[in-house]
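Notebook open, model loaded. I want to go through the strand pairing, then the cavities, the core and the pockets.

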Amino acid sequence: MNNIDRLLTFLIGLGLSLPTVLPVLAQTSPPAPENLKTTEALLSQVCDFLKAQPAFTVETDVTYDNVLESGEKVQYSGYQELWVSKPDRMRSDYTGDERITRFYYDGQSFSLFTPPLDVYATKEAPANLDDVVEQIAQRYGITIPMSNLLLSNPCGAIATEIENAVFVGNNLVNRQETYHILLKGEERDIQLWISKTEPPLILKGIINYKTLPSSPQYTALFSNWNFNPSLTDDIFRFVPPQDAVGIEILPSQSNEE
C-alpha cells in the first residue's frame, strides 16, 4: 500500500467521504511547469511565426467529405504544392479526385490553368496577395485551397470565429507527438495539430462544418515546410502550353452587373 492509499484509508476510517478527501489531495499536486503554454499561446505562437515568414513552400494532402443528395457521406482526396513569396507572388498546383488546377500569381496578373481540359484564363490582378485572394473569391467565386496561409495575417479569419479554445492533448501526427487544440466556432470547429519542436508548425488541420447536413469535414496534412526556398520569377509566371486554349473567366452570377 502506497502513501496515498494509506492516507485515503486513514481519512475514510475517520468518517470523511471521498469527495472531501479529493480536494485535499488536489492541493498537494505539484505546480505546473513554468514553460507550460495555454491553448491561446500555442495558437499565437504558430500564427506569429507563419506571419513573419517572407517566403515558404509547403505540401498538403487533403481529404474532404461530400454529402450526396441521398444523404450518404463520401470522401474525396487531393494534394497540393504551394509556393509563396510575400507580398505579391504565389503558385498553387492542386491535383484531386474532382479537379486538377494550376494557379499562378506574379504580382500583375493571375492565371488559372486546367491541364485535363488544356484551357486557361488570365486576368489583371491587384498588387498584393491579400487583395488577389479576396478578389478572386468575391468576383469570380474561386477559392484557392489553403489560401489563409498566403495572407499577411494567416490566422486573422480564424481568430474572428473562435468562441472557445480547448487543449485536447499531446497527440500523434504521422508518429510525431504534437499539441492538439480545438477551436470552437458558431458554424464550424477547427482542430489543429502543432509541432512540439521549433519552429512551431501546423502539421494537421481539420475543419468540421457542424451546421451543414451530416457535418462534413475537411482534413489537411502538411509536410515539407520550407522557409528558405529558392524561388525564381519563372515559378510564378504562367506560360501557356502550345496547344492550350485561352478562355474568358466570367464574374460569378451574384457579382454580375
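Started with the β1/β2 pair, bearing in mind that this is a predicted model. I find strand β1 (residues 55-67) running antiparallel to strand β2 (residues 73-85), with 13 bridges joining them. For a register mark I took T57, which stands opposite W83 in β2. The two strands make a hairpin with five residues between them. In that turn I noted G71, whose phi is positive, about 105 degrees.

Which other strand pairs with β1? I get β11 (residues 217-226), again in the antiparallel sense, over seven bridges. My register mark on this side is V62, opposite A220 in β11.

Stepped back for the whole chain. I count six helices and 12 strands. Of the 257 residues, 39% come out as buried. Taking contacts between residues at least 6 apart in sequence, 44% join residues at least 24 apart.

Next, the nonpolar core. The largest one has 48 residues, and M90, Y105, F110, V132, L149, F222 and W225 have the most contacts inside it. I picked V132 and looked up what it touches: leaving out residues up to four places away in sequence, I get Y105, F110, A125 and P126. Another core, of five residues, lies apart from the largest one and includes F113, Y120, F238 and A244.

Then a look at L250. Buried or exposed? L250 sits in the segment after β12 (245-246). I call L250 exposed because its relative accessible area is 57%, and the cut-off is over 50%. I also checked L250 against A121: they are 129 residues apart in sequence, but the C-alpha to C-alpha distance is 9.8 Å.

Cavities next. How many reach 30 Å³ or more? I get two. The largest has a volume of about 40 Å³. Its lining is V46, F49, L50, P200, L201, I202, W225 and F227, which divides into eight nonpolar, no polar and no charged residues. Helix α3 (residues 39-51) gives the most to that lining, three residues. I had already met W225 among the residues with the most contacts in the largest core.

The second largest cavity holds about 30 Å³. I list I158, E161, I162, L183, K184, G185, R188 and I190 around it. α5 (156-161) and β8 (176-184) are the elements that give two or more residues to this lining. By class I have four nonpolar, one polar and three charged.

Last, the pockets. The largest has about 830 Å³ of space. It is lined by 34 residues, with P145, M146, S147, N148 and I207 closest to its centre. Elements giving two or more residues to the lining are α4 (129-140), β9 (189-195), β10 (202-208) and β11. The largest share, six residues, comes from α4. I divide the lining into 23 nonpolar, six polar and five charged residues.

The second largest pocket has a volume of about 160 Å³. Of its 13 lining residues, I find L43, S44, C47, C155 and A159 nearest the centre. Which element gives the largest share here? α3 does, with six residues, so noted next to its part in lining the largest cavity. The classes are eight nonpolar, two polar and three charged.

Note on methods: Residues numbered from 1 in each chain as written. Predicted model: local features only at pLDDT ≥ 70, side-chain atom pairs only at ≥ 80, totals over all residues. Heavy atoms only, no water. Pairing = 2+ DSSP bridges. Helix = DSSP H or I, 4+ residues; strand = E, 2+ residues; numbered from the N terminus. Buried < 20%, exposed > 50% of the residue type's maximum accessible area, 1.4 Å probe, protein only. 1 Å grid on protein atoms, 1.4 Å probe; cavity = no way out; pocket = protein on both sides within 12 Å on 5 of 7 lines; lining within 4 Å. Points joined across faces, edges and corners; volume = space filled by probe spheres on them. Nonpolar A, V, L, I, M, F, W, Y, C, P; charged D, E, K, R; others polar. Core = buried A, V, L, I, M, F, W, Y, C linked by side-chain atoms within 4.5 Å. Contact = heavy atoms within 4.5 Å.
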